[in-house]
Amino acid sequence: MKLSDELPTDHHLVRVYRVGGAVCGCILLAFGCLGFADALSPFNTSGDRIAGMTTNIALSWVSVVVGLVLLAGAAVGGNFASTLNMTVGALFILSGFYHLFVLDRSANFLDFGMTNVVFSFLMGLLILTFGMYGRVSSKLSHDNPYWRRRHPREAAREAALKRRIAMASATDSVEQCGPERRHPLVRGDGTGTP
């Protein structure tokens with residue numbers, strides 16, 4: 001079974017992955033576009049502030065590209081969107097740690113300030129949460145496709161039990177109906193009442 005077969009296309013988790021990725025992608029896209037509007041030099045480390053965060057053209061490019069990638073993942077949906085969200089979220093957290101250690105140094109070519117680091121951590125956790133929602137947990141519900149994939153025997157037993165219950169209830173409803181009921185205006189010989 002392929003990873004893409006794990007999640008049905010109509011499952012409610014698909015909406016979570018898509019909406020989460022799209023919202024975060026739009027936020028990053030807006031931040032990047034606002035950075036372009038200020039027309040800073042590519043690696044300027046004393047740029048203006050946008051939404052309380054420092055930026056330069058390089059950071060704006062990174063924000064726009066990552067925003068478009070998240071929007072593309074939201075368009076595709078399914079397991080792809082979930083995996084992409086988890087990957088991008090982890091990269092944001094790693095970026096936050098990296099920039100935390102290079103603040104006020106020449107290696108800080110994206111002009112990160114402390115607010116950028118906090119934003120990177122928060123955005124990374126948000127995107128990561130959207131990617132892991134309903135997929136990574138110790139207590140997934142038994143109708144969850146990821147639980148069924150990880151516990152095939154139990155899932156098969158539950159599916160067989162549901163089929164037996166459905167067949168038994170269908171048989172009970174047929175037996176309760178009894179013999180074929182006739183219209184009250186029709187006599188036993190099939191002719192109408194006088």
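These legends accompany several close-up views of a predicted model.

**View 1. The whole chain, as a starting point.** Before zooming in, it helps to meet the parts. The chain holds six helices and two strands. Read from the N terminus, the order of its elements is α-β-β-α-α-α-α-α. Of the 194 residues in the chain, 36% are buried. The close-ups that follow stay mostly with helices H2, H3 and H4, which span residues 57-76, 78-101 and 114-132.

**View 2. Helices H2 and H3 side by side.** Two packed helices are described by the angle between their axes and the distance between the axes. For H2 and H3, the angle is about 155° and the axes lie 7 Å apart. Angles over 145 degrees count as roughly antiparallel, so H2 and H3 are roughly antiparallel to each other. Their crossing is left-handed.

**View 3. Gly77, in the loop between H2 and H3.** Here we look at the link between the two helices of the previous view. Is Gly77 buried or exposed? Gly77 is buried, because its relative accessible area is 5% and the cut-off for buried is under 20%. A partner from elsewhere in the chain also appears in this view: Arg18 is 59 residues away from Gly77 along the sequence, yet their C-alpha atoms are separated by 5.6 Å.

**View 4. Helices H3 and H4 side by side.** Now move on to the next pair. H3 and H4 pack with their axes 7 Å apart, at an angle of about 160°. That angle makes H3 roughly antiparallel to H4. The crossing of this pair is left-handed. To find a place where residues of the two stretches come together, look for Met132 of helix H4 and then for Ser82: the C-alpha atoms of these residues are 6.7 Å apart, with their positions 50 residues apart along the chain. Met132 is partly exposed, with 30% relative accessible area.

**View 5. Asp104, in the loop between H3 and H4.** This close-up turns to the loop that joins the pair. What is special about the phi of Asp104? Asp104 is not a glycine, although its phi is positive, at about 60°. Its relative accessibility is 81%, so Asp104 counts as exposed; the cut-off for that label is over 50%.

**View 6. A nonpolar patch on the surface.** Which residues form the nonpolar patch? They are Phe97, Leu100, Phe101, Met114, Val118 and Leu122, and together they have about 590 Å² of accessible area. Helices H3 and H4 each supply at least two residues of this patch. Take Val118 as a member to study: Val118 sits in helix H4, and its relative accessibility of 38% makes it partly exposed.

**View 7. Leu126, further along in helix H4.** Our last stop is another residue of helix H4, Leu126. Leu126 has a relative accessible area of 38% and is therefore partly exposed, since that label covers values between the cut-offs of 20% and 50%. How far apart are the C-alpha atoms of Leu126 and Gly21? They are separated by 9.5 Å, while along the chain the two residues are 105 residues apart.

Methods:
Residues are numbered from 1 along each chain as its sequence is written. This is a predicted model: local features need pLDDT of at least 70, side-chain atom pairs count only at pLDDT 80 or more; totals for chains, interfaces and linings use all residues. Side-chain values use heavy atoms; hydrogens and water are left out. Patches are made of residues with over 30% relative accessible area and no salt bridge: like charges are joined within 9 Å, nonpolar side chains (Val, Leu, Ile, Met, Phe, Trp, Tyr) within 5 Å. Accessible areas come from the Shrake-Rupley method with a 1.4 Å probe; for residues, only the protein chains shown count as cover. A salt bridge is a side-chain nitrogen of Lys or Arg within 4 Å of a carboxyl oxygen of Asp or Glu. Helices (H or I, at least four residues) and strands (E, at least two) are DSSP runs, numbered from the N terminus. Buried means under 20% relative accessible area, exposed over 50%, partly exposed in between (1.4 Å probe, protein chains only). Axes are lines fitted to C-alpha atoms, for helices over the stretch in contact, and angles run from 0 to 180 degrees between N-to-C directions. Angles under 35 degrees count as roughly parallel, over 145 as roughly antiparallel, 65 to 115 as roughly perpendicular and the rest as oblique. A crossing is left-handed if the near helix is turned anticlockwise from the far one by less than a right angle, and right-handed if clockwise.
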